[in-house]
Amino acid sequence: MHWNKLISVLLFSGVLAALSACGGGGSSGPKTGGPSFPGPGPTAEEQVAQMRVDYNEIEGLKTLADFPIGTEVSAANQANSIFIATDQQPVLAYHFSNLVAGSIMKAPWLYPQEDEFAFDPADELVAFALANDMTMHGHTLVWHRYDWVGDRLIPEWMENYSGDWSAMLETYVHTTVEHFSGRVTSWDIVNEAVDYNGLTNTAGYRDTIFYRNIGPDYIEDAYRAARAADPDVQLYYNDYGLSSNGAKLDFTLTMLEDLLERGVPIDGLGFQMHITLDGPSAVNIEAAFRKAAALGIMVKISELDISINGRNTPPPVDWSRSPTLTAALALEQKARYKEVVAAYLDAVPPAQRGGITVWGLTDDSSWMRTIWDDEWPLLFNGDFTTKPAFHGVREALLEQ
Ligand code: GLA
């Protein structure tokens, strides 16, 4: 056990002692030394209350891992920008070793006009990360969307572009990666290039504006342009549904294998993992990580969040949404975070761990809140106290 882990155990022993004084948590092992009569354990509400501590009353998550522990942030003049809501800054520096921008390193921000790159907002964020001992993950250069909110897409000029698409893509990727060279450690170069129209559909390339204008070669062109611009930065392919849709995973891995065999510089695969309490199963998640790791590339959990009210299981299973984050749901979410992190640690060899990134700091800042009020997908409450979900991640890291 690492020293920092031992210290962690001691630091949080107050909570553990409190739990055992109340009759033990649900997962305590058999007791020894004579007959014992299990009393009523702490209620779910009591357990949640005991796990709610100020962010700096417990060790930083990043101290528990030998790989990057990241989170997504807003920046520039965005509503929840870390440069406006600055009280996020010490929390980020305390718990995380890696940052990723939710929006400001996507095409509309970086390349707003055909003849204009705009790097200032991203430069400000990268400088913040580096000044606070965090690395920076760039996200994401080649994506056919901008965000889910209001269905925003790539910059308008790009949508209407009628020139040489291959040359334009090369300029975009090369100029951007070169600009951040030496400061950004890893990039999602292409995001969501594989189709996914439901569990029964056969996967294939997604019909995006890049695909339509260049054909599937846009993928390899983008990676080659990135590598030419920075020989050292790690280059990821990033996608969703990889642990819930076997056909999509297989297509993706075959695609990556083919690219690698042909010398296309791809270093890793990012599993987004916007998942729910009921799926995909930990068994499927772990199997998917193993398959990806078998390619010998880095494997990263790139956008982890766990929806409380989303469902993977189709009706007639109960689809009613809970209007509050009940203690029972919070504990379920904790167990789910724990099994996902444990699956990652079991399946991905240390040298191939690209890291684990949660998609946001506090529940109220999550992208899900722009769509649903009744979602609590992340690790921290709005006041930066820890949720049970935080402890799920923490326990899995401690037990590795
Ligand atoms: C996708 C994208 C992210 C983010 C999320 C949620 O997963 O890769 O950049 O937009 O959706 O909003």
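The following conversation goes through a predicted model of one protein chain with its ligand.

Reader: What secondary structure does the chain have?

Author: The predicted model contains 14 helices and 9 strands.

Reader: And how much of the chain is buried?

Author: The chain has 400 residues, and 53% of them count as buried. Its accessible surface is about 16,800 Å², and carbon and sulfur atoms account for 53% of that surface.

Reader: How many of the contacts join residues at least 24 apart?

Author: If one takes contacts between residues at least 6 apart in sequence, 77% of them join residues at least 24 apart.

Reader: What pLDDT does the chain average?

Author: The average is 90, and 88% of the residues score at least 70. Over residues 13-33, however, the pLDDT is below 50. That stretch has 15 contacts in the model beyond near neighbours in sequence.

Reader: Over which other residues does pLDDT stay under 50?

Author: Residues 198-203 also stay under 50. For them the model has 8 contacts beyond four places in sequence.

Reader: Why mention low pLDDT at all?

Author: Because predicted coordinates should not be read in detail where pLDDT is low.

Reader: New topic, the ligand. Which residues are around it?

Author: They are K106, H139, W143, D147, W148, N191, E192, Q272, H274, E303, W359 and W367. By type, this shell divides into 4 nonpolar, 4 polar and 4 charged residues.

Reader: Which side chains have an N or O atom at 3.2 Å from a ligand oxygen?

Author: D147 has such an atom at 3.2 Å from an oxygen of the ligand, and H274 likewise has one at 3.2 Å from a ligand oxygen. For K106, the distance from a side-chain N or O atom to a ligand oxygen is 2.7 Å.

Reader: How much of the ligand does the protein bury?

Author: Taken alone, the ligand exposes 300 Å², and the protein buries 98% of that.

Reader: E192 was on your list. Where does it lie?

Author: E192 lies in the loop between β4 (186-191) and α9 (209-214). Its phi is positive, about 55°, although E192 is not a glycine.

Reader: Is E192 buried or exposed?

Author: E192 counts as buried because its relative accessibility is 2%, and the cut-off for buried is under 20%.

Reader: Which other residue has a positive phi without being glycine?

Author: F384 is one of them, with phi near 65°. F384 sits in the loop between β9 (353-358) and α14 (388-398). At 11% relative accessibility, F384 also counts as buried.

Reader: What else is in the loop between β9 and α14?

Author: D374 is found there. D374 is buried, with a relative accessible area of 15%.

Reader: What does D374 touch?

Author: Leaving aside neighbours within four places in sequence, D374 is in contact with N309, R321 and S322. The side chains of D374 and R321 are joined by a polar contact of 3.0 Å. In addition, D374 and L325 are 49 residues apart in sequence, while their C-alpha atoms are 7.9 Å apart in space.

Reader: Back to H139 from the ligand list. What kind of peptide bond runs from H139 to T140?

Author: That bond is cis, with omega near -5°. T140 is in the loop between β3 (135-138) and α7 (156-159).

Reader: Which residues does the other cis bond with omega about -5° join?

Author: A cis peptide bond also joins G279 and P280. P280 has its place in the loop between β7 (274-276) and α12 (282-293).

Reader: What about N238? Where does it lie?

Author: N238 lies in strand β5, residues 234-239. N238 is buried, since its relative accessible area is 0%.

Reader: And what does N238 touch?

Author: Not counting residues up to four places away in sequence, its contacts include H139, N191, E192, Q272 and E303. Those residues also appear in the list around the ligand. Among the other contacts of N238 are D188, V190 and S302.

Reader: Last one: where is F119?

Author: F119 is in the loop between α5 (107-110) and α6 (120-131). At 12% relative accessibility, F119 counts as buried. F119 touches L110, T175, T176, H179 and F180, not counting residues up to four places away in sequence. The C-alpha atoms of F119 and M105 are separated by 8.6 Å, with the two residues 14 apart along the chain.

Key
Residues are numbered from 1 along each chain as its sequence is written. This is a predicted model: local features need pLDDT of at least 70, side-chain atom pairs count only at pLDDT 80 or more; totals for chains, interfaces and linings use all residues. Side-chain values use heavy atoms; hydrogens and water are left out. Helices (H or I, at least four residues) and strands (E, at least two) are DSSP runs, numbered from the N terminus. Buried means under 20% relative accessible area, exposed over 50%, partly exposed in between (1.4 Å probe, protein chains only). Contact means heavy atoms within 4.5 Å. Accessible areas come from the Shrake-Rupley method with a 1.4 Å probe; for residues, only the protein chains shown count as cover. A residue is near a molecule or strand if one of its heavy atoms lies within 4 Å of it. A polar contact is a pair of N or O atoms within 3.5 Å; within protein, one must be able to donate a hydrogen and the other to accept it, and residues adjacent in sequence count only if both atoms are side-chain atoms. Ala, Val, Leu, Ile, Met, Phe, Trp, Tyr, Cys and Pro count as nonpolar, Asp, Glu, Lys and Arg as charged, and the others, Gly among them, as polar. pLDDT is the predictor's confidence in each residue, from 0 to 100.
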